[in-house]
Amino acid sequence: MTNHWVDIRNADVILVMGGNAAEAHPCGFKWVTEAKAHRGARLIVVDPRFTRTASVADFYAPIRTGSDIVFLGGVINYLLTQDKIQHEYVRSYTDMSFIVREDFAFNDGLYSGYDKDKHMYVDKSSWDYDIGEDGFAKVDPTLQDPRCVYQLMKTHYSRYTPEMVEKACGTPKEKFLTVCEMLASCSVPSRAATILYALGWTQHSVGSEMLRTGAMVQLLLGNIGISGGGMNALRGHSNIQGLTDLGLLSNALPGYMTLGLDREQNFDDYIKTRAPQPLRPNQLSFWKNYKAFFVSFMKSWWGEHANADNNWAYDYLPKYDRLYDLLNTMEEMHKGKINGYIAQGFNPLAAVSNKQKNIEALSKLKWLVIMDPLATETSEFWKNYGEFNDVKSADIQTEVFRLPTTCFAEEFGSLVSSSRVLQWHWQGADGPGESRSDLAIMGELFMRIRAMYQKDGGKFPDPIVNLSWPYANPNSPTPEELAREFNGKALTELTDPKDPAKVLVKAGEQLSGFGQLKDDGSTASGCWIFCGAWTPAGNQMGRRDNNDPTGNGQTLNWAWAWPANRRILYNRASCDTSGKPFDPTRKLIAWNGKAWTGSDTPDYKADEPPENGMGPFIMNAEGVARFFARDGMAEGPFPEHYEPFETPLGYNPLHPDHAEVTNNPAARIFPDDKASLGKAADYPHTATTYRLTEHFHYWTKHARLNAIIQPEQFVEIGEDLAKEVGVVAGDRIKVSSKRGHIIAVAVVTKRIKPLMIDGKKVQTVGIPLHWGFKGLTKPGYLVNTLTPAVGDANTQTPEFKSFLVKVEKA
Ligand SMILES: Nc1nc2c(c(=O)[nH]1)N[C@H]1C(S)=C(S)[C@@H](COP(=O)(O)OP(=O)(O)OC[C@H]3O[C@@H](n4cnc5c(=O)[nH]c(N)nc54)[C@H](O)[C@@H]3O)O[C@H]1N2
Ligand SMILES: Nc1nc2c(c(=O)[nH]1)N[C@H]1C(S)=C(S)[C@@H](COP(=O)(O)OP(=O)(O)OC[C@H]3O[C@@H](n4cnc5c(=O)[nH]c(N)nc54)[C@H](O)[C@@H]3O)O[C@H]1N2
Ligand SMILES: [Mo]
């Protein structure tokens, strides 16, 4: 979230698209209700189904799964052609005026630099601004230059007309235009729109680009960095935000630092590419501090073994040649290349696409460890459960170990909410039986592994035997010890550079914030963005003062938000270029002549006078927000629509004559998975999977009360489709994809209607995901029996939200 849950109440228009907040985030949804009740905010829902969120919306528009880029691209086209943009914001705080390199091109759905054989953009050098000899990007403040971002973007989205939206999304043109008008009402500084999204956007082969398109709409409206605005990702598990913050992905390090690539063996080059020079005069490029964050992190992990002479132990870190994501792991396991697998708080058989492939993959393991409070589908993948898990147990040799853990309520610790707020929580009860906390299990496992390396050596034992492990009970580190370590401390005395006699932090003392981190080895911090969470003043995450002096909901003394207890990211952009709030009724910070002050922590240099013209987006080297993604994205700098890998159309309505761009040309798909994709001729309906309030994934079915309120697996189909296949509510239906089938009760509903897509009737099938063969609910099929193993080209998040099925009476 750029903003936070409470701030939603400051919005005038709320777009829920690619999510179903009333269902999946029912508690946080109260802030939407507040905005409606107390501000007269208007709620818009765009979803293939008329959801529980839609049931309380002011306006609902249907959409075909996987077509959101066409819809949002259409909104961009509308805002640009109707001139409904926040001009001062867009001119001063975005890259609209930046000139793009001459060799950047877009033709027939492909950008410059595409390698057809590798199925990816190998050379992205043309996706950049024209950089002058002074090292700064060239700009045209008049926006007339045909190569400026504004002109390129206008041309790009001119193809995304209301007619194209109706054709590709199935959204009637008038409904689409009503959504445009409602959003456009927030292009004035006195009104704010917010966007709430989740998996309806991320779980597509073009997922990252969907949310980028949403962010572009928000930038045009001047809605990023302001109260009541923002791009708000509603996160999933209670600590999934903390998971990404701590870098638990194969290419990530804590605090959104990145692991080196295989070709980045040179430490200085590694740092240099991550600490870019500013692309305009007098600009703070905040990642210039990368080395201080990185060195402090390495000191935290390896203590005295990380020093200037060994490049702070840079060689201890693995370098990556490709992503080691879930789909890749299942692929390698399926090829027999992986011996063992540890699933900690994870039920991959239920959660990962293409169950049949995953059964075969798990069957090839020598050993599988499950760390979980429950016996899960994964821990019993080898057991025959009849039609629900039809395996031959005798043929499966995988040895399975179950290590019973406690669950969240049986532990202390901090959870990071979608709002980036770290909240300390307290243990409710001891875990039952032989269960142990994850920390106790991981702690003892580490101690035993380290002892083996100490005794026997090995190829490269250094990173393991030298790992810093400073816990009072090394077999069981405490959450408090870890929290203090993530925050970090001074390793030697820190003095004021202007007055060396003045001691700022004593050796061994906790740091107060990431501004104190150094690149010379004198500080340690396990996760720089968490620096400030456990200071000399104690545990900031445990604070529970909900005092709100300005009444705008920032409550800076309630727990602690990263970074620097800032509640709204980029909040400098809430003020005009002279430092006055665009909307005084929604004031966050302002320039008082000497400093930036206000109800939130300024996201800027605290004493930087506005007249110096520094841009507010200090995490970008150009200081402004990007419409043109000059680096980073896999499939191009402007989002373009590509069809889901299983498309009911069979072609891309924007490029009907170019089969090579039907689907995301930069997506990775393994040959066997490609072969298991279905075609609309055999599987005519488009399906999507989703959640119900009454269950949490696959574990609440083990709880009696939840099992009682949602006991049996069902599938939602519209009345029209029910008539077509000859079933009535309560009948059992068989839903098949190219990869398998499930059988469940049919819920026949008015909430799903057929859509007309380019003259063709397309039916949506809605499949809730909570059932399986373990637990107290009636046994059911894992819905990932149906889904394809292809992911978003940037994140490899599987395309759970759009695939093809056939529906029959069972
Ligand atoms: N009760 C409960 N709450 C939960 C969870 C749970 O299991 N149970 N899980 C948690 C987790 S881990 C997560 S990640 C979040 C997920 O939160 P959400 O993303 O809100 O949950 P979903 O129900 O998966 O999907 C949301 C909506 O996306 C719609 N949709 C599908 N395809 C498209 C599309 O192409 N375009 C658009 N515009 N919409 C589409 C679906 O119809 C559905 O209504 O929920 C969290 N909250
Ligand atoms: N088709 C389809 N598939 C999907 C999705 C979808 O929308 N559609 N959504 C995807 C998403 S967003 C998600 S997040 C995944 C979720 O997939 P999983 O994370 O595999 O789902 P959960 O059932 O929440 O599994 C978590 C496990 O953690 C255990 N657990 C709880 N507390 C603790 C603890 O403190 N320690 C340990 N070690 N274990 C604990 C629970 O008992 C449970 O078995 O599913 C994904 N799969
Ligand atoms: Mo999730």
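Trainee: Which helices and strand each supply at least two residues of the shell around ligand 1?

Mentor: Keep in mind that this is a predicted model. To read a shell, look at which elements feed residues into it. Here helix H1 (21-24), helix H8 and strand E26 (685-690) each supply at least two residues of the shell around ligand 1.

Trainee: How many residues surround ligand 1, and which are the closest?

Mentor: Ligand 1 is surrounded by 32 residues, and the closest are Ala 24, Asp 47, Gly 66, Arg 691 and His 695. Sorted by class, that shell has 10 nonpolar, 16 polar and 6 charged residues.

Trainee: What do I look for when I want polar contacts to ligand 1?

Mentor: Look for N or O atoms paired within 3.5 Å. Take Ala 24, where a backbone N or O atom lies 2.7 Å from a nitrogen atom of ligand 1. A backbone N or O atom of Val 46 lies 3.2 Å from a nitrogen atom of ligand 1. For Leu 199, a backbone N or O atom is 2.8 Å from an oxygen atom of ligand 1. As for cover, ligand 1 has 920 Å² of accessible area on its own, and the protein covers 95% of that.

Trainee: Let's stay with Leu 199. Where does Leu 199 lie?

Mentor: Leu 199 lies in helix H8, which spans residues 199-202.

Trainee: Why does Leu 199 count as partly exposed?

Mentor: Leu 199 has a relative accessible area of 24%. The label "partly exposed" covers values between the 20% limit for buried and the 50% limit for exposed, so Leu 199 gets that label.

Trainee: Which residues is Leu 199 in contact with, leaving aside its neighbours within four places in sequence?

Mentor: Leaving those neighbours aside, Leu 199 is in contact with Gly 18, Arg 691 and Lys 801. You can also set sequence separation beside spatial distance. Leu 199 and Trp 591 are 392 residues apart in sequence, and their C-alpha atoms are 38 Å apart in space.

Trainee: Now ligand 2. How many residues surround ligand 2, and which are the closest?

Mentor: Ligand 2 has 29 residues around it, and the closest are His 237, Asn 347, Asp 372, Trp 699 and Asn 784. By class, the shell of ligand 2 has 13 nonpolar, 11 polar and 5 charged residues.

Trainee: Which side chains have an N or O atom paired with an oxygen atom of ligand 2?

Mentor: Among them is Asp 372, with a side-chain N or O atom 2.6 Å from an oxygen atom of ligand 2. A polar side-chain atom of His 237 lies 2.7 Å from an oxygen atom of ligand 2. His 697 also has a side-chain N or O atom 3.1 Å from an oxygen atom of ligand 2. The protein covers 89% of the 920 Å² of accessible area that ligand 2 has on its own.

Trainee: What is there to notice about the phi of His 697?

Mentor: Phi is a backbone angle, and its sign is worth a look. Phi of His 697 is near 45°, a positive value in a residue other than glycine. His 697 is found in the loop between E26 and helix H20 (704-709). His 697 has a relative accessible area of 15%, so it counts as buried.

Trainee: What about Thr 555?

Mentor: Thr 555 is not a glycine, yet it has a positive phi of about 35°. Thr 555 lies in the loop between strand E22 (538-539) and E23. Thr 555 counts as buried because its relative accessibility is 17%, and the limit for buried is under 20%.

Trainee: And which peptide bond is cis?

Mentor: Check omega for that one. The bond from Trp 562 to Pro 563 is cis, with omega near -10°. Pro 563 lies in the loop between strand E23 (560-561) and strand E24 (589-591).

Trainee: Is Thr 405 buried or exposed?

Mentor: Thr 405 is buried, with a relative accessible area of 4%. Thr 405 sits in the loop between strand E14 (399-403) and strand E15 (413-416). Beyond its neighbours within four places in sequence, Thr 405 is in contact with residues including Met 371, Asp 372, Ser 435 and Arg 436.

Trainee: Which residues does UniProt list for the molybdopterin oxidoreductase domain?

Mentor: An unreviewed UniProt entry lists residues 2-445 for "domain: Molybdopterin oxidoreductase". The end C-alpha atoms of residues 2-445 lie 38 Å apart, and the span is 31% helix and 13% strand. UniProt also places "domain: Molybdopterin dinucleotide-binding" (unreviewed entry) at residues 688-803. For residues 688-803, the end C-alpha atoms lie 7 Å apart, and the span is 11% helix and 31% strand.

Note on methods
Residues numbered from 1 in each chain as written. Chains lettered and ligands numbered in written order. Predicted model: local features only at pLDDT ≥ 70, side-chain atom pairs only at ≥ 80, totals over all residues. Heavy atoms only, no water. Helix = DSSP H or I, 4+ residues; strand = E, 2+ residues; numbered from the N terminus. Buried < 20%, exposed > 50% of the residue type's maximum accessible area, 1.4 Å probe, protein only. Contact = heavy atoms within 4.5 Å. UniProt positions renumbered as here; feature names shortened; annotations may be inferred. Near = heavy atom within 4 Å. Polar contact = N/O pair within 3.5 Å; in protein donor to acceptor, adjacent residues only side chain to side chain. Areas by Shrake-Rupley, 256 points an atom, 1.4 Å probe, with all protein chains shown as cover. Nonpolar A, V, L, I, M, F, W, Y, C, P; charged D, E, K, R; others polar.
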